[in-house]
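Here's a quick briefing to read alongside the model. Have a look at the sequence and the 3D view first, then come back for the notes.

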Amino acid sequence: MKKDIFNGKIKKEYIKSIKFLLVFASAVFCAVATFFLLLALLYDTVDYGGKIVLFVMSGVAYLAAVLYPLLTVLCVRTYPKYKALAKFFIKEYALDDTDEQ
């Protein structure tokens with residue numbers, strides 16, 4: 001039997017799509033961060049201020065690649081307590097409201 005990482009807060013028909021969303025978003029953040037990093041390192045005509053901005057944006061994107069899936073799972077697991085935050089990460093139609101009443 002598989003363990004549900006969402007504690008039953010996601011409707012059964014949306015669990016696979018939410019897991020795909022977490023992996024895909026993390027991959028997109030990593031790709032964007034790598035693009036910014038390579039742009040800052042390999043493109044010589046960018047001035048120092050621009051390189052600093054690109055390095056910072058790369059770091060933020062790498063951080064988002066790690067934190068987005070973790071925060072999403074954490075907020076969904078504590079769903080009735082932090083409704084607005086969970087709805088920020090996951091669409092409202094995927095969340096299961098049956099335990100709320």
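Let's start with a cysteine: the sulfur of C75 has its closest cysteine sulfur in C30, 20 Å away, and that is too far for a bond, given that a disulfide needs the two sulfurs within 2.5 Å. Keep in mind that this is a predicted model. The rest of the notes go topic by topic.

**Cysteines**

- Seen from the other end, C30 finds its closest cysteine sulfur in C75, and at 20 Å that is too far for a bond.
- The structure as a whole holds zero disulfides.
- Is C75 buried or exposed? C75 is buried, because its relative accessible area is 5% and the cut-off for buried is under 20%.
- C30 counts as partly exposed, since its relative accessibility is 31%, which falls between the 20% and 50% limits.

**Aromatic rings**

- Searching the whole structure turns up six aromatic pairs.
- F35 and F36 make up a tilted aromatic pair, with 5.8 Å from centre to centre and 50° between the planes.
- The label "tilted" fits because the 50° angle lies between the 30 degree limit for stacked and the 60 degree limit for edge-to-face.
- F36 is on the buried side of the cut-off, because its relative accessibility is 17%.
- Which residues do ring pairs join into a cluster? The cluster consists of F29, Y68, F88 and F89.

**Helix α2 and its surface patch**

- Helix α2 covers residues 48–77, and L71 lies in it.
- A nonpolar surface patch is formed by L63, V66, L67, L70, L71 and L74, and together these residues have about 540 Å² of accessible area.
- L71 counts as partly exposed because its relative accessibility is 36%; that also puts L71 over the 30% needed for a patch residue.
- V73 sits in helix α2 too, but V73 is buried, with 17% relative accessible area.
- What does V73 touch, once residues up to four places away in sequence are set aside? The contacts of V73 are I5, F6 and L22.
- The C-alpha atoms of V73 and D4 are 11 Å apart, and the two residues are separated by 69 residues along the chain.

**Helix α1**

- S26 belongs to helix α1.
- With a relative accessible area of 19%, S26 is buried, because the cut-off is under 20%.
- Setting aside neighbours within four places in sequence, S26 is in contact with A65 and P69.

**The segment before α1**

- K9 is in the segment before α1, a helix that takes in residues 15–42.
- Is K9 buried or exposed? K9 is buried, because its relative accessible area is 14%.
- Not counting neighbours within four places in sequence, K9 makes contact with V76, R77, Y79, P80, A94, L95 and D96.
- N7 is found in that segment before α1 as well, and N7 counts as partly exposed at 39% relative accessibility.
- The phi angle of N7 is worth a look: phi is near 55°, a positive value in a residue other than glycine.

**Charged pair**

- Side chains of opposite charge can pair when their charged atoms come close.
- How many salt bridges does the count come to? The count is one salt bridge.
- That salt bridge joins E92 and K87, whose closest N and O atoms are 3.3 Å apart, and the pair qualifies because the limit is 4 Å.
- E92 counts as partly exposed, with 48% relative accessibility.
- K87 counts as partly exposed too, at 30% relative accessibility.

**After α3**

- D97 has its place in the segment after α3, the helix of residues 83–89.
- D97 counts as partly exposed, because its relative accessibility is 31%.
- D97 and Y79 are 18 residues apart along the chain, and their C-alpha atoms are separated by 9.1 Å.

Conventions. Residues are numbered from 1 along each chain as its sequence is written. This is a predicted model: local features need pLDDT of at least 70, side-chain atom pairs count only at pLDDT 80 or more; totals for chains, interfaces and linings use all residues. Side-chain values use heavy atoms; hydrogens and water are left out. Patches are made of residues with over 30% relative accessible area and no salt bridge: like charges are joined within 9 Å, nonpolar side chains (Val, Leu, Ile, Met, Phe, Trp, Tyr) within 5 Å. Accessible areas come from the Shrake-Rupley method with a 1.4 Å probe; for residues, only the protein chains shown count as cover. A salt bridge is a side-chain nitrogen of Lys or Arg within 4 Å of a carboxyl oxygen of Asp or Glu. Helices (H or I, at least four residues) and strands (E, at least two) are DSSP runs, numbered from the N terminus. Buried means under 20% relative accessible area, exposed over 50%, partly exposed in between (1.4 Å probe, protein chains only). Rings of Phe, Tyr and Trp (its six-membered ring) pair if their centres lie within 6.5 Å; planes under 30 degrees apart count as stacked, over 60 as edge-to-face and the rest as tilted. Contact means heavy atoms within 4.5 Å.
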